[in-house]
Amino acid sequence: MEYGERILQQTLTGDDVAELQLRLAGFRGTLPDGEFGPGTELQVTTFQRDYMKMATPTGIVDRAVMEKIDEFADKFPVNFADLKCPCGTCRGFGQGKFKGLYITGRPRIEAFHRYEYPGIHRMILWAARALFFYMPEHNFHFNSSYRCSVDNLRRGRLSTNHHGKAIDLDVPLKTGETKHDDRDKCDEIRGRLVETANAQIGWLGTNRKSLEPRDIAPTWVHYDVRQYERKYLDDKFFCTNQRDLDNRKPIKI
Ligand SMILES: [Zn+2]
């Protein structure tokens, strides 16, 4: 069923449910498995309570909720020019190389998968939008997002997280603020993401959005989906422009 064609609520399954789960990635957050269970209901009630300011959230996604999700997307546009790889060789989002290939001598896990995914994972960008909503006091900008194998080679970097699975967010210092303030601010943001987006600090759990801990990322916030199982890292989840990120559908209910 296409998103927008029916009211969504507990026990329903389908691609439209997966689309909903993805769009609400930053409101508690679950996986895009297409099954509307208690985790998805929590996403919906969180969105209704926090964004829609509903006194009694229903957990039911009707036309009004779908319209508000579209409004939420429009309020927090993503400028893909800020996300592009700076190498000058690829067109901004890698060249689709190295699928199924891993860094030599390292375990065959996603952290060492060399594949240049075709864009940035939609979950991480929708989750970033929710962060922008929850913390309007910060003037967030994308510090680095896509960095392909050419860029990695040039800079002697081994990490492949930025092959589409990660974004780094930065908050510029205000006048009079110190590096110490910056570190505290980033800690506070990570704390908020754990609370509001069901993210984890570090990479212990599978299928959770992950944040680099303070010792690795003192003055920025690194957010990634490298702990996702392969099925949640399918090419279809990646996008290179706002139209595909939004995937706007007519609301027909
Ligand atoms: Zn590149």
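Which residues in H3 meet which residues in H4? The legends below begin with that contact in this predicted model.

**Figure 1. Contact of helix H3 with helix H4.** From H3, Ile69, Phe72 and Ala73 take part, and they meet Trp126, Arg129, Ala130 and Phe133 in H4. By residue class, the contact of H3 with H4 holds six nonpolar residues, no polar residue and one charged residue. H3 spans residues 63-75 and H4 spans residues 122-134. Their axes come within 10 Å and cross at roughly 80°. This angle falls in the range of 65 to 115 degrees, so H3 is roughly perpendicular to H4.

**Figure 2. Packing of helix H1 with H4.** H1 covers residues 15-23. The axes of H1 and H4 lie 8 Å apart, at an angle of about 50°, which makes H1 oblique to H4. On the H1 side the contact is made by Glu19, Gln21, Leu22 and Arg23; on the H4 side, by Arg122, Met123 and Trp126. Three residues of the contact of H1 with H4 are nonpolar, one is polar and three are charged. Trp126 of H4 takes part in this contact and also in the contact with H3.

**Figure 3. Zinc ion with its protein donors.** The SG atoms of Cys85, Cys87, Cys90 and Cys148 are the protein donors, lying 2.3 Å from the zinc ion. Along the chain, the donors are spaced as C-x1-C-x2-C-x57-C. Angles subtended by the four donor atoms around the zinc ion run from 106 to 114°, and the arrangement is therefore tetrahedral. Two of the donor residues are shown with their accessibility: Cys87 has a relative accessible area of 7% and is buried, and Cys90, at 8%, is buried as well. The cut-off for buried is under 20% relative accessible area.

**Figure 4. Lys53 in the loop between H2 and H3.** Lys53 follows helix H2 (38-51) in this loop. Its phi is positive, about 60°, although Lys53 is not a glycine. Most residues other than glycine have a negative phi. The relative accessibility of Lys53 is 64%, so the residue counts as exposed.

**Figure 5. Asn198 in the loop between H6 and E4.** Helix H6 (179-197) and strand E4 (200-201) flank the loop that holds Asn198. Asn198, a residue other than glycine, has a positive phi near 60°. With a relative accessible area of 28%, Asn198 is partly exposed.

Technical notes
Residues numbered from 1 in each chain as written. Predicted model: local features only at pLDDT ≥ 70, side-chain atom pairs only at ≥ 80, totals over all residues. Heavy atoms only, no water. Axes fitted to C-alpha atoms, helices over the stretch in contact; angles between N-to-C directions. Helix = DSSP H or I, 4+ residues; strand = E, 2+ residues; numbered from the N terminus. Parallel < 35°, antiparallel > 145°, perpendicular 65-115°, else oblique. Contact = heavy atoms within 4.5 Å. Nonpolar A, V, L, I, M, F, W, Y, C, P; charged D, E, K, R; others polar. Donors = N, O, S within 2.8 Å, 3.2 Å for Na, K, Ca; no water. Tetrahedral: all angles 85-135°; square planar, octahedral: opposite > 155°, others 65-115°. Buried < 20%, exposed > 50% of the residue type's maximum accessible area, 1.4 Å probe, protein only.
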